[in-house]
Amino acid sequence: MDLYSGMMGTLSETMGVSSEMMVNSTTGIRSSKMITARLAFTLLVLSFAALEVKAGMQNVTVKGTVLCNKKRVPNVSVILYERDTFNFDDKLASIHTDEMGEFELYGEEDEANTIRPFIRIHHTCNVKPACKRISEYVVPEDKVGSTFDMKYIALEIHASEDKLKCP
């Protein structure tokens, strides 16, 4: 068997087509379309497999103390998310601040790329009655795999991603 026949046999076995289909000139157009489709599918499957191999469980811990006008705020909702580009953001953990306004959240996510965590704090600091403000804070990428201590979070200072919700 020559080198060409050996290569064609191996390629045809991998792609699930007979070597006659690959070299038959009377069905050459149909065969090349089938070969191209199978090759594209194989490459797609291999791409997903490569992403899955690269993927891994990643985690982050975020902690801090919530303040409003220099006073600690108990019972404030703090939610840890992981930002997704094509899907809804993943909720990793949630908690309410304790009686001293302190919180600590731990979350983990299995992602192909580095996770992009952030927290949302739902509060009523300096808003009209019956309204709530949602403040968003990004966790630095270098804190993935460790703890991000935000120290004191002054809610009276508006974050760039603040949203006001009123009935």
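In the predicted model, strands E1 and E2 form a hairpin with two residues between them, and asparagine 69 in the turn has a positive phi of about 55°. The two strands of this hairpin run antiparallel and are joined by two bridges, E2 comprising residues 71–72. Within the hairpin, leucine 67 has arginine 72 of E2 as its bridge partner, while leucine 67 also stands opposite alanine 154 in E8. The pairing between E1 and E8 is parallel and consists of six bridges. E1 is further joined to E5 by 10 bridges in an antiparallel arrangement, in which valine 60 stands opposite glycine 107 of E5.

The largest nonpolar core has 22 residues, and those with the most contacts inside it are Val62, Leu80, Phe103, Ile119, Ile121 and Tyr137. Two or more residues are given to this core by each of the strands E1 (56–68), E3 (77–82), E4 (90–96), E5 (102–111), E6 (117–123) and E8 (147–154). The largest share, four residues, comes from E1. The surroundings of phenylalanine 103 were examined with its neighbours within four places in sequence set aside; on that basis, phenylalanine 103 is in contact with Val62, Lys63, Gly64, Thr65 and Val66, and also with Val78, Ile95, Thr97, Ile119 and Ile153.

Five strands form an open sheet with antiparallel pairing, in the order E4-E3-E6-E7-E9. Because E4 and E9 (163–165) stand at the edges and each has a single partner strand, one side of each is left without a neighbour in the sheet. From one strand to the next, the twist averages 20°. Inside this order, the antiparallel strands E6 and E7 are joined by six bridges, and arginine 120 has glutamate 136 of E7 as its bridge partner.

Glutamate 136 is located in strand E7, which spans residues 132–138. Its relative accessible area is 9%, and it is therefore classed as buried, the limit being under 20%. Not counting residues up to four places away in sequence, glutamate 136 touches Arg83, Phe118, Ile119, Arg120, Ala159, Glu161 and Asp162. Two of these residues meet the side chain of glutamate 136 through their own side chains: a polar contact is made with arginine 83 at 2.7 Å, and another with arginine 120 at 2.9 Å. Glutamate 136 and valine 78, which are 58 residues apart in sequence, are separated by 9.8 Å from C-alpha to C-alpha.

The structure holds seven salt bridges. The side chains of arginine 133 and aspartate 162 meet in one of them, at 2.8 Å from N to O; since arginine 133 lies in strand E7 and aspartate 162 in the loop between E8 and E9, the pair ties together parts that are 29 residues apart in sequence. With a relative accessibility of 2%, arginine 133 counts as buried. Salt bridges that share partners join Arg83, Asp89, Arg120 and Glu136 into one network. Within this group, arginine 83 forms a salt bridge with aspartate 89, the closest N and O atoms being 3.6 Å apart. Both of these residues are partly exposed, arginine 83 with a relative accessible area of 26% and aspartate 89 with one of 25%. Aspartate 89 also meets arginine 120 in a side-chain salt bridge, at 3.9 Å from N to O. The latter pair links distant parts of the chain, 31 residues apart, with aspartate 89 in the loop between E3 and E4 and arginine 120 in strand E6.

Key:
Residues numbered from 1 in each chain as written. Predicted model: local features only at pLDDT ≥ 70, side-chain atom pairs only at ≥ 80, totals over all residues. Heavy atoms only, no water. Core = buried A, V, L, I, M, F, W, Y, C linked by side-chain atoms within 4.5 Å. Buried < 20%, exposed > 50% of the residue type's maximum accessible area, 1.4 Å probe, protein only. Contact = heavy atoms within 4.5 Å. Pairing = 2+ DSSP bridges. Polar contact = N/O pair within 3.5 Å; in protein donor to acceptor, adjacent residues only side chain to side chain. Axes fitted to C-alpha atoms, helices over the stretch in contact; angles between N-to-C directions. Salt bridge = Lys/Arg side-chain N within 4 Å of Asp/Glu carboxyl O.
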